Amino acid sequence: MSDTPTASHPRPDLDRFGLSLPSVLAERPEGHPFDPPRELVRLSGQAPVHRIATRDGAPVWVITGMAECRAALADARLSSDILGHPAVREKLLPHVRERLLDERARAGSFITMDAPRHTRYRKLLTGQFTVRRMKQLVPRVHQIVTDQLDAMIAQGPPADLVRDFALPVPSLVICELLGVDYADRAEFQERSAKVLRVDLPVEELLEAGDGLRAFMHELVRHKRERPADDILSGLVHSAAEPPLDDDELVGIANLLLVAGHETTANMLALGTFALLRNPEQLAALRADPSLVDGAVEELLRYLSIVHLGINRVTTQEVRIGDEVIPEGATVVVSVPLANRDARQYADPDELDVTRPRGAHIAFGHGIHQCLGQQLARVEMAVGFTELLRRLPGLRLEVEPERVPMRSQMIVYGVHSLPVSWDG
């Protein structure tokens with residue numbers, strides 16, 4: 001029996017380091033893998049902020065309205081440092097509390113930090129993710145996409161789009177950007193996939209995290225001795241005051257490495273699946289490639305691969321919409337529901353590649369908005385354009401219900417996508 005989770009066989013609860021979330025946050029309706037969880041859709045029709053209970057009866061506030069989600073993500077009273085709050089630490093399993101709160105292991109992971117600690121790292125990285133560097137990468141993205149498609153075409157159909165295209169493209173890009181040897185991709189891909197799961201024993205999650213840090217420590221040591229023109233070398237040899245230590249560098253680099261390939265890979269694969277299930281939209285995009293930039297934004301909105309939403313904890317009482325959320329409360333900002341808010345979009349449950357470009361929060365909002373979003377947009381625009389141009393008659397090789405979904409992962413998508421095309 002396979003242990004790969006599927007949308008039709010959800011776990012009863014989603015455990016993350018002993019913090020149980022109700023499965024209502026993740027259960028996509030059977031047969032509708034691109035739609036948000038049905039129960040959350042029902043709740044969002046009643047109000048934009050909801051109080052629900054975990055397995056042990058503890059309350060969780062779920063925000064589903066676009067305006068309310070944006071307000072929450074921009075409010076400093078909703079902290080990203082989930083584990084730093086006493087109300088959350090007390091709920092941790094005793095045998096993992098010490099390891100999770102280890103400052104060396106948490107160093108540099110700015111996604112879980114608030115200002116002013118977050119501000120320091122963000123400023124350093126903004127200097128690395130320059131417009132010049134992103135523009136310089138565009139020809140290389142084209143070359144990487146072309147090389148992967150050349151290899152697929154030479155091999156001939158069928159192919160697994162995840163293995164042969166969607167995963168290699170952003171992995172190669174982020175490896176070059178950071179200065180990671182692509183030959184090491186199997187190691188970091190396996191471990192990063194594990195740390196993004198919510199259904200594994202906590203010991204396996206911690207072991208995968210330890211392995212990623214060990215991998216990156218060795219790379220940091222190498223960049224100190226032999227710097228190159230890459231982001232990690234730039235951070236290692238930056239003039240930051242105080243200087244970044246090795247633990248900080250490891251945390252930053254691992255965050256960029258995991259986020260830089262997992263998110264875009266799943267958007268490429270899930271986006272292709274969505275287009276194949278909406279053939280009129282695929283045909284429109286194939287007929288007019290100039291639609292691709294808007295199509296990318298629409299796919300980001302429609303799919304919202306931040307599966308469980310963005311977690312926050314309140315540091316003091318705060319009102320969001322008509323709800324007063326107490327201090328120390330767990331808050332889930334539901335990106336999939338916000339991006340389908342009927343107050344914001346006409347026909348929000350329809351995929352429309354010609355939809356006028358509008359605001360979405362697929363890349364987050366506020367101080368934690370995704371640093372690499374422009375690079376991700378380039379990868380998706382080039383990827384979808386060339387995929388449809390080079391592979392005529394692109395189609396699923398299996399029945400849609402047999403495509404294995406990443407239902408128990410923090411980043412939603414597909415585990416594999418068997419496809420064929422006209423040779």
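This is a guided tour of a predicted model, going from the whole chain to its helices, its cores and its sheets.

**The whole chain**

Begin with every residue shown, and look at the overall outline before selecting anything. The C-alpha atoms fill a box of roughly 60 × 60 × 45 Å along the principal axes, and the chain contains 17 helices and 12 strands. For 423 residues, a compact globule would be expected to have a radius of gyration near 22 Å, and the chain, with 21 Å, agrees with that. If you colour by burial, 55% of the 423 residues count as buried, while the exposed surface comes to about 18,600 Å², of which carbon and sulfur atoms supply 52%. Among the contacts between residues at least 6 apart in sequence, 70% join residues at least 24 apart.

**The largest nonpolar core**

Next, select M216, L270, F273, L303, M380, V414 and L417, which touch the most other members of the largest nonpolar core, a set of 94 residues. Helix α13, residues 246-276, gives the most to this core, with 16 residues. A second core, separate from this one, has 19 residues, including W61, L78, V333 and A338. In soluble globular proteins, nonpolar side chains tend to be buried together.

**Helix α13 and N266**

Keep α13 on screen and pick out N266, which is found in this helix. Is N266 buried or exposed? N266 is buried, because its relative accessible area of 5% falls under the 20% cut-off. Leaving aside neighbours within four places in sequence, N266 is in contact with G271, I305, R406, V411, Y412, G413 and V414.

**Helix α15 and its end**

Now select helix α15, residues 292-303, whose end C-alpha atoms are 16 Å apart, in agreement with the 16 Å that its 12 residues should span at 1.5 Å a residue. Of these 12 residues, 10 are buried, so the helix is largely enclosed by the rest of the structure. The buried residues are V292, A295, V296, E297, E298, L299, L300, R301, Y302 and L303, and they pack against α13, α14 (279-287) and α17 (373-390). Stop at L303, which, apart from neighbours within four places in sequence, is in contact with R28, F34, M267, L270, G271 and A274. Just after α15 comes S304, which takes a positive phi of about 45°.

**Helix α11**

Move to helix α11, residues 202-225, which has 24 residues and reaches 35 Å from its first C-alpha to its last, close to the 34 Å expected at 1.5 Å a residue. Among the buried residues of α11 are V202, L205, L206, A208, G209, L212, F215, M216 and L219. An α-helix has 3.6 residues a turn, so residues three or four places apart point the same way.

**Helix α9 and P170**

Select P170, which has its place in helix α9, residues 168-178. P170 is buried, with a relative accessible area of 0%. Not counting residues up to four places away in sequence, P170 touches F165, G260, H261, T264, A265, L268 and E379. If you measure from P170 to T112, the two C-alpha atoms are 23 Å apart in space, and the residues are 58 apart in sequence.

**The sheet of five strands**

Which order do the five strands of the open, mixed sheet follow? The order is β3-β4-β10-β7-β5, and the edge strands are β3 (49-53) and β5 (78-79), each of which pairs on one side only. At one edge, β3 and strand β4 (residues 59-63) run antiparallel and are joined by five bridges, and A53 has P59 of β4 as its bridge partner. Five residues lie between the strands of this hairpin, in which G57 takes a positive phi near 90°. At the other edge, β5 pairs with strand β7 (residues 310-314) in the antiparallel sense over two bridges, where S79 stands opposite V313.

**The sheet of three strands**

Finish with the open sheet of three strands, antiparallel in its pairing, in the order β6-β12-β11. Because β6 (159-160) and β11 (395-396) stand at the edges with a single partner strand each, one side of each is left without a neighbour in the sheet. Two bridges join β11 to strand β12 (residues 418-420), and these strands run antiparallel. To see one pairing, select R395 together with S420, its bridge partner in β12.

Definitions and conventions. Residues are numbered from 1 along each chain as its sequence is written. This is a predicted model: local features need pLDDT of at least 70, side-chain atom pairs count only at pLDDT 80 or more; totals for chains, interfaces and linings use all residues. Side-chain values use heavy atoms; hydrogens and water are left out. A nonpolar core is a set of buried Ala, Val, Leu, Ile, Met, Phe, Trp, Tyr and Cys residues joined through side-chain atoms within 4.5 Å. Buried means under 20% relative accessible area, exposed over 50%, partly exposed in between (1.4 Å probe, protein chains only). Helices (H or I, at least four residues) and strands (E, at least two) are DSSP runs, numbered from the N terminus. Contact means heavy atoms within 4.5 Å. Two strands pair if DSSP finds at least two bridges between them. The expected span of a helix is 1.5 Å times one less than its number of residues. The radius of gyration is taken over C-alpha atoms; the globule rule is 2.2 Å times the number of residues to the power 0.38. Accessible areas come from the Shrake-Rupley method with a 1.4 Å probe; for residues, only the protein chains shown count as cover.
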